[in-house]
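Let's take a look at the open spaces in this protein and at what surrounds them.

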Amino acid sequence: MSTRAAGIVASQVILKNNSVLGLATGSTPEGMYRELVKLNQERTVDFSGVITFNLDEYIGLPPGHPQSYHHYMHHHFFNHINVAPQNIHIPQGQAGNMAETCLEYDQKIADAGGIDLQVLGIGANGHIGFNEPHTYLKMQTHLIDLTEETVEANSRFFDTAEEVPRQAVTMGMGSIMQARRILLLASGKNKAPAIKETVSGKITTAVPASFLQLHREVILILDKEAASLMMELDQRFHIPGLWHRDVS
Ligand code: PGA
């Protein structure tokens, strides 16, 4: 999965050396970053012209905190590649004026010309970025209360329940859906229901990833377990050809 995913990101950057990449954190893309670091170090891919925008950040963790997404991105990726530091953008989880910071983040994405390739993970509850299931979704970058399910899922990275952040700042559905291409990665059985709903369920704010059905170019890279319910479904229905199906 990681090699495939890294190949898609690398080819984007090889074809357009000033690509705007939307990047994700979480366990799922760690291997992809490792592969991209290798490709950069062996000079197959040059990140010097690339501009990056991360999806989200926890509220309340300083950038140096080992569980902050600032730390994750530098530790897994940015410290090891030749990206220009001024081209890296990650939402600020400690901003004084959150509304203004969110507006500025969206403006920077617009000024960069929008996102060429957005990498996404998916929550077991169908979230993308931290756009959580709710009665409505927001277009713009915004502050969000994390669902109990997400807090629980994230707790594996923290020593105590009290330390797990309950709020985050996330890119909204607008910047994600406006990305020219989307690369969604998912592995493991716990992601299978969300993947099934994403691919063939109703388009509903209860499963934010289901809106990807409306996007022109989504590439899914799944392991067999994450794809398991989708494959059952595939035998009974024809899944619209909007999706590139490539189950590793
Ligand atoms: P994970 O997180 O890669 O750690 O499973 C994905 C997500 O919650 O978006």
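## Two pockets and their linings

Start with the second largest pocket: 16 residues line it, and Ile90, Pro91, Gln92, Tyr105 and Lys108 are the ones nearest its centre. Keep in mind that this is a predicted model. Three elements each give two or more residues to the lining of the second largest pocket, namely H3, strand E4 (88-89) and helix H4 (98-111). H4 gives the most here, with six residues.

Now for the largest pocket. Its lining has 36 residues, and Gly26, Ser27, Asn154, Arg156 and Phe157 lie nearest the centre. The elements giving two or more residues to this lining are strand E3 (56-58), helix H3 (69-76) and helix H5 (148-154). Which element has the largest share of the lining of the largest pocket? That's H3, with five residues.

H3 is worth finding in the picture, then: it is listed for the lining of the largest pocket, and it is listed for the second largest pocket too.

Here's how the volumes and the kinds of lining residue work out:

| Pocket | Volume | Nonpolar | Polar | Charged |
|---|---|---|---|---|
| Largest pocket | about 760 Å³ | 13 residues | 18 residues | five residues |
| Second largest pocket | about 220 Å³ | eight residues | six residues | two residues |

To read the table in words, the lining of the largest pocket divides into 13 nonpolar, 18 polar and five charged residues. For the second largest pocket, the split is eight nonpolar, six polar and two charged.

Technical notes
Residues are numbered from 1 along each chain as its sequence is written. This is a predicted model: local features need pLDDT of at least 70, side-chain atom pairs count only at pLDDT 80 or more; totals for chains, interfaces and linings use all residues. Side-chain values use heavy atoms; hydrogens and water are left out. On a 1 Å grid over the protein atoms alone, a cavity is a set of points where a 1.4 Å probe fits but cannot get out, and a pocket is an open set with protein on both sides within 12 Å along at least five of seven lines; lining residues have an atom within 4 Å of a point. Grid points are joined across faces, edges and corners, and a volume is the space filled by probe spheres set on the points. Helices (H or I, at least four residues) and strands (E, at least two) are DSSP runs, numbered from the N terminus. Ala, Val, Leu, Ile, Met, Phe, Trp, Tyr, Cys and Pro count as nonpolar, Asp, Glu, Lys and Arg as charged, and the others, Gly among them, as polar.
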